[in-house]
Amino acid sequence: MFATTPKTQSLLIVPFGAIRKEILVFLQNELIRTFGFDVRIAREEPIPQYAFNPKRNQYHSTKILEWLKNIPVMDTRILGIVDLDLYVPELNFVFGEADVAHGFCVISLVRLRQEYYGMPKNEKLFLVRALKEAVHELGHTYRLGHCGDTRCIMHFSNSLQDTDIKGPDFCPRCKLKLR
Ligand SMILES: [Zn+2]
Ligand SMILES: [Zn+2]
């Protein structure tokens, strides 16, 4: 079905540092539903100190993606999850980043919480946002680019408002490319 990419069989979720089990299991179940592949949760990896930039007090997402190459997997996509603020040099922050060639991606939970913006906690909203970021970055591992449809999960999120507007699903055009 996904003839153009070799990494089709399964997905491994890799938590860096302590990530609550409910979050991991929620993502596991929802990603099985969305992509139809086998999803496993790996053991917790240490906080990626090698990616930390003390000047920015943030973690360089590309370095985490590079580190993921150390995980011995075959035919498996990897979704890294951190509760640390991520950046790439060109941007103030990123919600996540994907390594298309290897089928790896990483997402950050930090800026998905209402509390981060001084608002009351909303667990359901937080979980849905985490799912959206995960599906978006995984979409990139299928070589999908950003989509002009603001409701499509592949629409670029400049802010959480963009994330909240888009659905957790692919638009019909992106869905076609996925297959
Ligand atoms: Zn993107
Ligand atoms: Zn789309």
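What follows is a walk through the strands, helices and a few individual residues of this predicted model.

The five-stranded sheet is a good place to start. Its strands run in the order β2-β1-β5-β8-β7, the sheet is open, and the pairing is mixed. The edges belong to β2 (38–41) and β7 (96–99), each of which pairs on one side only. Ignoring direction, neighbouring strands in this sheet are turned by 15° against each other on average. On one flank, β1 (residues 10–16) pairs with β2 in the parallel sense, with four bridges between them. Within that pair, L12 has R40 of β2 as its bridge partner. Helix α3 packs on this sheet, where it touches β5 (76–82), β7 and β8 (104–108), and its direction makes about 160° with that of β8.

Strand β8 deserves a closer look. Five of its five residues are buried, so to speak of it as mostly covered is fair. F104, V106 and S108 point one way from the strand, C105 and I107 point the other way, and all are buried. On the β5 side, β8 runs parallel to its partner and five bridges join the two. G80 sits opposite V106 of β8 there. On the β7 side the sense is antiparallel, with four bridges, and A98 stands opposite C105 of β8. β7 and β8 also make a hairpin, with four residues between them. One of the turn residues, G103, has a positive phi of about 75°.

Next comes the helix packing. Two packed helices are described by the angle between their axes and the distance between the axes. For α1 (residues 21–35) and α3 (residues 123–141), the angle is about 50° and the axes are 10 Å apart. That value makes α1 oblique to α3. The crossing of α1 past α3 is right-handed. From α1, the contact takes in I23, F26, L27, E30, L31, T34 and F35; from α3, the residues they meet are L127, A130, L131, A134, V135 and L138. Sorted by character, the residues of this contact come out as eleven nonpolar, one polar and one charged.

There is also a three-stranded sheet, again open and with mixed pairing, in the order β3-β4-β6. Here β3 (52–53) and β6 (86–87) stand at the edges with a single partner strand each, so one side of each has no neighbour in the sheet. β4 (residues 58–60) pairs with β6 in the parallel sense over two bridges, and Y59 stands opposite L86 of β6. H60 is another residue of β4. With 20 other C-beta atoms within 10 Å, H60 counts as buried, because the cut-off for that label is 20 or more. Setting aside neighbours within four places in sequence, H60 is in contact with A51, N53, Y87 and V88. Between H60 and A98, a residue that also came up in the β7–β8 pairing, there are 12 Å in space, C-alpha to C-alpha, and the two are 38 residues apart in sequence.

Some loop residues round out the picture. K69 is in the loop between α2 (61–67) and β5. K69 is exposed, with 12 other C-beta atoms within 10 Å; that label applies because the cut-off is 12 or fewer. From C-alpha to C-alpha, K69 and R56 are 25 Å apart in space, and in sequence they are 13 residues apart. D75 is placed in the loop between α2 and β5 too. D75 is likewise exposed, with 11 other C-beta atoms within 10 Å.

Backbone angles add one further point. Most residues other than glycine have a negative phi. D75 goes the other way, with phi near 55°, a positive value in a residue other than glycine. R143 is not a glycine either, and has a positive phi of about 65°. The loop that holds R143 lies between α3 and α4 (160–165). R143 is partly exposed, with 14 other C-beta atoms within 10 Å.

Methods. Residues numbered from 1 in each chain as written. Chains lettered and ligands numbered in written order. Predicted model: local features only at pLDDT ≥ 70, side-chain atom pairs only at ≥ 80, totals over all residues. Axes fitted to C-alpha atoms, helices over the stretch in contact; angles between N-to-C directions. Parallel < 35°, antiparallel > 145°, perpendicular 65-115°, else oblique. Left-handed = near helix turned anticlockwise from the far one by under 90°. Contact = placed C-beta atoms within 7 Å. Nonpolar A, V, L, I, M, F, W, Y, C, P; charged D, E, K, R; others polar. Pairing = 2+ DSSP bridges.
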